[in-house]
Each structure stands twice: as structure tokens, then as C-alpha cells.
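User: Could you take a close look at one part of this model for me? I'd like to go through the ligand site slowly, and then see how the charged side chains pair up elsewhere.

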Amino acid sequence: MAGIIEEYKRIGISEQVYYYGEEVLGRIREQFADIDKNAELNQIKVLNAFRENNISEAHLSGTTGYGYHDEGRQKLEKVYSTIFGTGDTLVRPQIACGTHALWIALSGNLRPGDELLSPVGKPYDTLEKVIGIREAPGSLKEYGVNYRQVGLLPDGDFNYPEIEKAINAKTKLVTIQRSCGYDLRPTLSAKSTNRLISFVKKIKADIICLVDNCYCEFVGDTMLDPGLADLIVGSNIKNIGGGICPCGGYVTGRTEYVNQAAYRLTSPGLGKAVGATLESLRPFFQGLFMAPAVTASALKGALFAARIFGDAGFNTRPKANEDYHDIVQAIVFNSPEALTSFSEAIQSVSPVDSYVTPIPAPMAGYNNAKIISAGGTFISGSSIEFSADAPMRPPFAVYLQGGLNFPHAKAGILKAYQNLIDIGVIDKGGTVPISFT
Ligand SMILES: *Cc1c(COP(=O)(O)O)cnc(C)c1O
């Protein structure tokens, strides 16, 4: 493979690091086979949803103006509902991002005087102002919605007694974030999410259970139980967009609750009936179709990173021998220099903006800390594309995610490994770890 070594050298990856990478890959072959098998299952599931809904070429182009009777949009929403097993779906280019999708699902279903409960600790940073954990104009708090939170136990399990205590007559909606966000807590599997919802519904049957499913779609072979999860919400520039969908988000679940979200997105009385799709539908369909395979590539990248940096002595979450429930790979560097060098490597091995140097900066909606973001993506900010974000604060953990294909993720990870050797954070041999934790 002389050719490949020459190509890697052009991005500054040494022969030694390349061969070490091959050795590391040898240790995770079986896990890669499992990822491929799961991608196959999900691909056939998606294919069948397209077939059963009779998708035709006419559905791939959109509407203008009000967007009444947009058949392509209606079909797309049906395909989503078939995949999730839900009653109805709202998936639209008008949903600006995952936070917006969560906002319409929450605010559409909560009323003044209601209480919202998170039984899995603090939600994702951008949700703090949505809920009013941090004061913000227009927050749920400003509209008279109260909020409670019960943290996970130190071992990552649910604090059942405290959750039971927190549920009262006013508790209308429980929000469950599966992915860890910028936190070092474990991501919830579909199974344990189902278990948590069963528990909540045993205490109070009419509570609306909303699942923040960002980064979790098509990971693992178990689905959220649509008989339990009333609303499932996510972003279309993460897993489910397959790296092709240009924008948007989705809310899927029970028809009544999805409609409530739609009344927030457009207006009361109009709901799902309006919303032109312009020329956007084709990549929504195509991205969904690609999503199982792309998610599998991203998972392989995450696992490869966990193995190579884990073996170099860094704490990772998940660890390479643990089950993955989302595509996010946290690596703890405990050193700003190592984190910066890692981010520079990811940026330099991007197809877009490879010559740019990532600089820590404040980001809208994110709590105080400066964020260093790396990743030159085709779709701005897309995190199913290979990218890394990190708050510039101890423990200097990076959250690495995505990869439209595994060779790209692999090159980025090898380059990052090389960088850490070059600045002396990892020992030259690449096999003798220096622990920073
Ligand atoms: C990405 C993400 C969101 C929404 O973020 P956007 O940047 O607004 O799309 C919400 N929750 C979790 C867990 C996420 O990963």
C-alpha cells in the first residue's frame, strides 16, 4: 500500500502512525462487523418505509407559497412515521435546528401553570434559555411554565425515588435527553429510555413523555417504543439527515401532540397544513435513505477514536469496549494545549476550510464557556459530518462526532494522534501511553 502511505504523508501522518492505526483497527474488527450488521437492519427498515408509502419521483419536488396540499411533504412525514412507528410527524425545512424542534414540541404542548420535569439532569446548553433555567425573553418560564430537574445517580442510573417525588398534579410533560450533550454522563439507550418512560407513566399515566433523540437515530438495533414515547424530536443536520439534508428538524409521535407542535411552528388553525418546501424535498428523502450507512460510518469513527486515544491513556466516553447509543465520542484531555492541537488536526483534514485555524469563541445559546469548533462541512454546522466541539474549560474534553465516510474520519483521527505525538503529549512510539487523567 505504498500509494496510501504517500497520500497520508501529504497530510503529515507518518508511516509509523499509519501502521499503528492498522494495528488498532485490527482490535475492533468484530465491533465494526456489528455496526455493519445494524446498518443493514436499519437500511432495510428505511427502504421498506419508502416502498410501503409508494414514494415516486413526483414527491421529490416541492411547493411554493402557502404550500397547501404538498404531497411530497406529506409523504416524507409518512415515511418518518412508518420508520418510528408513530401516528404523525412534522419534518420541515422551516424548523431551524434541533433546539427549535424541541421548542415547538415543548411550548406547543405546555400551558401556563403546567410543570415540566427533566428526570435525567441538566438538559443541553441551548435548552437552558428555552426552559428559563437561565433567564431569557420568551422562555417557557416567562409563560408561567415551572421546571423541575432530577439528576442521574453517580453510577448513571435513574434516581427513581426522587423522580417519583418530583411528579405532582401539575406535571404535564417529562423531557428526556438521550445524548450526553457537553456533559460526561452516559447516553441513554433506547431500552433504558423505554424503561424510564414506563416508570413515569406508572406514576401518572397522562404525562406527555418527550425524548430528545438528537444523535441517536439508527444507533443500535432497539427503537424507542412509540407506545411509550409520546414525542420524539431531533435535528436533520445530524444522523437522520444522512449528511445530505440541508437543514431542518423533526417532531414525531402521537398525532395530537405533533399537531400541537405544528400549531406553534406555523399558527393555531393552520398547523401542518401549510409550509412550502420549495426545492428542498429531494435531499430530505435522499438523506434519510443514506442515514443508516452514514450513521454507521460515524460510529466507526467514534469507536476508532475511543480505541486509539483510550489506549494512549486518555479517558473516553464511551470507552471502546462499551455499547454505543449515540455517535458522540468524548475524549478527555485535561490540557488546553492537547485539546487545541486535536481540534487543529480535525480542521486541517476537512474537505472545506482545511486551511483555517479554529479559535475558541462564544456561541449563541451555549453557556458562558468559549467553544472551540473544528470541522469544515458541506452543510454549515452539520455534525453528522466529521467535526469536533469542545468547551474551553476543564476537563478539556472534546466531543467528536460524524464522518460521512469512515476513511475521512480515520484520516482525521490519525492526524490528531500524530499532532499529539508531535507536541509531546503522546509518546513517540504511539503505543506507550502517558496518562493525563
Ligand atoms: C444538537 C442537540 C440539540 C439541538 O441542537 P441544535 O444545535 O439546535 O440543532 C439538542 N439536544 C441535543 C442532545 C443535541 O445533541
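Which element gives the most residues to the shell around the ligand?

Analyst: That would be H5, which puts 3 residues into the shell. Keep in mind that this is a predicted model.

Here's the full cast around the ligand: Cys97, Gly98, Thr99, Leu102, Tyr124, Gln177, Ser179, Asp212, Cys214, Tyr215 and Lys238. Sorted by type, that shell holds 5 nonpolar, 4 polar and 2 charged residues.

Now for the polar atoms. A ligand nitrogen sits 2.6 Å from an N or O atom in the Asp212 side chain. On the oxygen side, Lys238 brings a polar side-chain atom to 2.9 Å from a ligand oxygen. Gly98 uses its backbone instead, with an N or O atom 2.8 Å from an oxygen of the ligand. As for cover, the ligand on its own would expose 370 Å², and the protein buries 90% of that.

On to the charge pairs. Side chains of opposite charge can pair when their charged atoms come close. Across the whole structure, a search turns up 21 salt bridges.

Take Lys410 and Glu22, whose side chains meet at 2.6 Å, N to O. This one spans a long stretch of chain: Lys410 belongs to helix H12 (residues 406-422) and Glu22 to helix H2 (residues 15-26), 388 residues apart. Lys410 has a relative accessibility of 9%, so it counts as buried. Glu22, at 27%, is partly exposed.

Asp114 and Lys172 form another bridge, at 3.2 Å from N to O. Asp114 is in the loop between helix H5 (98-109) and strand E2 (115-118), while Lys172 is in strand E4 (residues 171-177), so the bridge ties together parts 58 residues apart in sequence. Asp114 is the buried partner at 14% relative accessibility, and Lys172 is partly exposed at 27%.

Then there's Lys141 with Glu135, where the closest N and O atoms are 2.9 Å apart. Neither partner is buried here: Lys141 comes out partly exposed at 44%, and Glu135 is exposed at 63%.

Finally, some of these charges go beyond simple pairs. Glu23, Arg27, Arg307 and Asp311 are joined in a network of salt bridges.

Terms used:
Residues numbered from 1 in each chain as written. Predicted model: local features only at pLDDT ≥ 70, side-chain atom pairs only at ≥ 80, totals over all residues. Heavy atoms only, no water. Salt bridge = Lys/Arg side-chain N within 4 Å of Asp/Glu carboxyl O. Helix = DSSP H or I, 4+ residues; strand = E, 2+ residues; numbered from the N terminus. Buried < 20%, exposed > 50% of the residue type's maximum accessible area, 1.4 Å probe, protein only. Near = heavy atom within 4 Å. Polar contact = N/O pair within 3.5 Å; in protein donor to acceptor, adjacent residues only side chain to side chain. Areas by Shrake-Rupley, 256 points an atom, 1.4 Å probe, with all protein chains shown as cover. Nonpolar A, V, L, I, M, F, W, Y, C, P; charged D, E, K, R; others polar.
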